[in-house]
Amino acid sequence: MRIIINLIYYMNTTLIKNARIMNEGQSYTGSVLIEDDKISAIYPGTIPQEITARTVIDATGKWLLPGVIDDQVHFREPGLTHKGDIASESRAAVAGGVTTFMDMPNTKPQTTSIADLEWKLQRASETSIANYSFFFGGTNDNQAEIAKLDRSRVPGLKLFLGSSTGNMLVDDQATLEKIFGESGMLIAIHAEKEEIIKKNITHYKGLYGDDLDVTFHSKIRSEEACYASSAAAVELATRLDARLHILHLSTTKELTLLNNDRPLQEKKITGEVCVHHLWFTDSDYPLYGNRIKWNPAVKTVADRDALRQGINNNLIDIVATDHAPHLLPEKEGNCLQAASGGPLVQHSLVVMLEMAFRGIFSYEKVVEKMAHTPAELFRIDRRGFIRPGYYADLVLVDPSTQWTVTPDNILYKCGWSPLEGLTFNHAIWKTFVNGQLVYTEDSIVENLLGQEVKYL
């Protein structure tokens with residue numbers, strides 16, 4: 001036994017003891033032993049006397065959760081790095097308890113070729129403190145590149161079925177049929193119907209002139225625009241037996257396209273909701289203005305409440321951010337001029353915990369939708385759960401510290417948050433990525449790097 005103890009001690013080991021562990025629908029006091037980059041053991045209740053470790057963290061009064069997996073971020077590299085980059089935004093992510101991210105392809109250049117995908121993977125290996133992966137973008141003319149993808153290195157294909165830039169709008173029906181029918185990959189979609197958006201712009205400009213303020217945004221990018229696009233994608237996926245994942249759901253009506261009558265592993269049509277659609281509504285536009293302008297738009301209180309219920313009844317599978325930073329000058333102008341999107345990855349977990357604090361969700365449901373189901377849905381290798389043999393991507397939460405979002409504690413490169421001035425009742429205390437302590441008590445631990453995510 002002495003030999004075993006010495007081996008444990010001299011490995012790179014960390015013991016997190018006396019935490020309230022929230023994992024797989026359970027909540028209990030216990031301890032977790034980390035050896036190198038993985039969880040070695042979990043000890044409910046009392047720790048066996050013979051267990052020791054090089055580093056011991058007393059987490060009495062703290063909560064231990066699996067790290068958040070965010071399936072939709074825009075870290076802006078390459079080409080848009082004045083707004084954010086992989087280094088800056090991954091640091092904001094771990095400060096918010098997000099240990100793994102999936103980045104979107106609408107950068108400059110777009111991630112629509114194998115060469116551009118490999119550039120991003122290499123760049124992240126050099127600069128990302130969080131675990132990383134990148135969606136591959138589908139276009140009207142890159143099917144040959146899709147066929148060459150290593151499926152273990154990408155979470156899926158991203159298709160823009162609504163307004164986008166350059167070549168990212170996929171509007172050719174024959175191409176869509178081919179991608180849905182032949183790619184054999186999960187297809188994640190931005191679903192807003194371009195023709196309806198254009199019709200709505202013409203309608204409201206005809207009534208009120210060209211200078212439409214942000215309150216028109218949810219009228220232009222309407223429920224009809226979202227549902228028509230999502231429904232068409234569901235029809236295509238169902239007919240061609242494809243795996244479809246609908247990103248950033250924003251309407252009550254779209255929930256009718258989803259089901260909760262089977263386990264997640266058997267679903268071919270899945271859905272994601274973003275934190276801002278669960279927190280804000282169109283009634284918040286007068287207070288926050290363009291800071292809460294997103295595509296799809298935040299919509300009515302009834303829509304927000306239906307989305308919240310969709311989480312609780314498992315119609316919705318994942319909670320994410322669509323983290324999309326812009327500089328504040330880029331957010332100026334009317335609703336047709338101001339950039340859409342905002343930074344959220346540093347604050348998504350505390351926002352969800354706040355909603356649990358208010359009784360909207362259970363804390364266990366927050367863990368399920370932000371860690372467990374992303375890992376299951378995308379078939380991620382050994383992440384998203386607190387289990388022996390899994391990577392030690394872990395978050396310690398302080399449930400007894402109130403704090404306020406201010407410019408001084410924002411880590412986004414863009415320097416602002418739509419949540420500024422709001423006070424939350426939970427704080428991220430420490431974050432571990434692959435067993436490494438990367439964030440602790442308001443400080444980033446520099447010179448550490450995450451790992452590339454692998455898919456099964």
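Mentor: In this predicted model, helix axes are lines fitted to C-alpha atoms over the stretch in contact, and angles run from 0 to 180 degrees between N-to-C directions. On that basis helix H2 (residues 86–95) and helix H3 (residues 114–127) pack at an angle of about 60 degrees, with their axes 9 Å apart.

Trainee: Why is H2 called oblique to H3?

Mentor: Angles under 35 degrees count as roughly parallel, over 145 as roughly antiparallel and 65 to 115 as roughly perpendicular, while the rest are oblique. The angle of about 60 degrees between H2 and H3 falls in none of the named ranges, and therefore H2 is oblique to H3. The crossing of H2 past H3 is right-handed.

Trainee: Which residues make the contact between H2 and H3, and how many of them are nonpolar, polar and charged?

Mentor: H2 contributes Ile86, Ala87, Ser90 and Arg91, and H3 contributes Lys120, Arg123, Ala124 and Thr127. By class, this contact has three nonpolar, two polar and three charged residues.

Trainee: What makes E6 and E8 the edge strands of their sheet?

Mentor: The sheet is open, with three strands in the order E6-E7-E8 and parallel pairing. Strand E6 (68–73) and strand E8 (131–134) each pair on one side only, and the twist averages 20 degrees from one strand to the next.

Trainee: How do you know that E6 pairs with E7?

Mentor: Pairing requires at least two bridges between the strands, and four bridges join E6 to strand E7 (residues 98–103), so the two strands count as paired. Within E7, aspartate 103 stands opposite valine 73. H3 packs on this sheet, touching E7 and E8, and its direction makes about 170 degrees with that of E8.

Trainee: Why is the pair of phenylalanine 135 and phenylalanine 378 called edge-to-face?

Mentor: Rings pair if their centres lie within 6.5 Å, and planes over 60 degrees apart count as edge-to-face. A search of the whole structure finds twelve aromatic pairs. For phenylalanine 135 and phenylalanine 378, the values are 6.0 Å centre to centre and 80 degrees between the planes, so both conditions are met. Because phenylalanine 135 lies in the loop between E8 and strand E9 (136–137), and phenylalanine 378 in the loop between helix H13 (363–377) and strand E15 (394–398), the pair ties together parts that are 243 residues apart in sequence.

Trainee: What makes E9 an edge strand?

Mentor: E9 belongs to an open sheet of six strands, in the order E9-E10-E11-E12-E13-E14, with parallel pairing; E9 and strand E14 (318–320) each pair on one side only.

Conventions:
Residues are numbered from 1 along each chain as its sequence is written. This is a predicted model: local features need pLDDT of at least 70, side-chain atom pairs count only at pLDDT 80 or more; totals for chains, interfaces and linings use all residues. Side-chain values use heavy atoms; hydrogens and water are left out. A crossing is left-handed if the near helix is turned anticlockwise from the far one by less than a right angle, and right-handed if clockwise. Contact means heavy atoms within 4.5 Å. Ala, Val, Leu, Ile, Met, Phe, Trp, Tyr, Cys and Pro count as nonpolar, Asp, Glu, Lys and Arg as charged, and the others, Gly among them, as polar. Rings of Phe, Tyr and Trp (its six-membered ring) pair if their centres lie within 6.5 Å; planes under 30 degrees apart count as stacked, over 60 as edge-to-face and the rest as tilted.
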